Amino acid sequence: MMTDSKQKRVLIMIIAILLVANIITLFVHFMDKPGNKKEKNHSRKNYMEQYLKNEIGFTGKQMIIYDSLHNKHRKDIESAFKAMRSEKAMNFKFLSANGFQDSLIEKSGNSMALGQKEIEIAMLRHVRDVRNIATADQKIKFDTSFYKLMNREKSGQKKIKH
């Protein structure tokens with residue numbers, strides 16, 4: 001028989017999980033609109049293209065290579081995100097069926113973290129591949145400015161006007 005303290009803890013955990021699930025559902029519902037996704041990807045690509053042309057000095061030939069790398073990376077990342085969403089759904093079903101035991105929550109978290117790790121590694125390899133297109137002089141510019149570009153993009157300080 002469960003004590004009141006354990007029952008309250010279980011109820012709080014269930015409420016927290018339901019709250020997180022609702023937030024994720026709302027986020028996916030509002031952010032996964034076909035128009036929003038394409039505009040965001042297009043804007044991000046334009047931002048990167050402008051950076052490579054204007055700041056780094058990529059030539060037309062280098063931009064063609066970048067475009068090819070970008071398209072391949074986007075396809076790879078999309079499939080990785082799809083796999084991660086599928087795994088999350090399976091984890092939630094498994095946890096639900098097994099009473100959200102702490103040990104299983106830990107295993108599920110570790111499993112999901114591995115998926116995120118793979119996505120981060122793919123992103124870093126993509127950055128490396130883009131850098132490898134650059135000449136020696138361009139690599140110096142890239143190495144001293146790319147992290148600023150990424151911070152600026154995420155903080156919203158510099159946005160591209162269409």
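Contact here means heavy atoms within 4.5 Å. This is a predicted model, where local features need pLDDT of at least 70, side-chain atom pairs count only at pLDDT 80 or more, and totals for chains, interfaces and linings use all residues. Residues are numbered from 1 along each chain as its sequence is written, and side-chain values use heavy atoms, with hydrogens and water left out.

**Figure 1. The whole protein, with its five helices and zero strands.** Going along the sequence, the pattern reads α-α-α-α-α. Helices (H or I, at least four residues) and strands (E, at least two) are DSSP runs, numbered from the N terminus. Of the contacts between residues at least 6 apart in sequence, 69% join residues at least 24 apart. Buried residues account for 22% of the 162 in the protein; buried means under 20% relative accessible area, exposed over 50%, and partly exposed in between (1.4 Å probe, protein chains only). About 12200 Å² is exposed, and carbon and sulfur atoms supply 60% of that. These areas come from the Shrake-Rupley method with a 1.4 Å probe; for residues, only the protein chains shown count as cover.

**Figure 2. Helix α3, end to end, and the glycine after it.** With 38 residues at 1.5 Å each, α3 should span 56 Å, and its end C-alpha atoms sit 55 Å apart, which agrees. The expected span is 1.5 Å times one less than the number of residues. Gly99 follows α3 and has a positive phi, near 70°. Buried residues in α3 include Tyr66, His70, His73 and Ile77. An α-helix has 3.6 residues a turn, so residues three or four places apart point the same way.

**Figure 3. A closer look at His73 in helix α3 (residues 60-97).** His73 counts as buried because its relative accessibility is 16%. Setting aside neighbours within four places in sequence, His73 touches Ala122, Met123 and His126.

**Figure 4. Thr144 on helix α5 (residues 136-155).** Its 46% relative accessibility is why Thr144 counts as partly exposed. The Thr144 side chain reaches back to two backbone oxygens: that of Ile140 at 3.1 Å and that of Lys141 at 3.2 Å.

**Figure 5. A nonpolar surface patch made by Val10, Leu11, Ile14 and Leu18.** The patch covers about 340 Å². Patches are made of residues with over 30% relative accessible area and no salt bridge (a side-chain nitrogen of Lys or Arg within 4 Å of a carboxyl oxygen of Asp or Glu); like charges are joined within 9 Å, nonpolar side chains (Val, Leu, Ile, Met, Phe, Trp, Tyr) within 5 Å. Leu11 belongs to helix α1 (residues 4-31), and its 53% relative accessibility makes Leu11 count as exposed.

Key:
A polar contact is a pair of N or O atoms within 3.5 Å; within protein, one must be able to donate a hydrogen and the other to accept it, and residues adjacent in sequence count only if both atoms are side-chain atoms.
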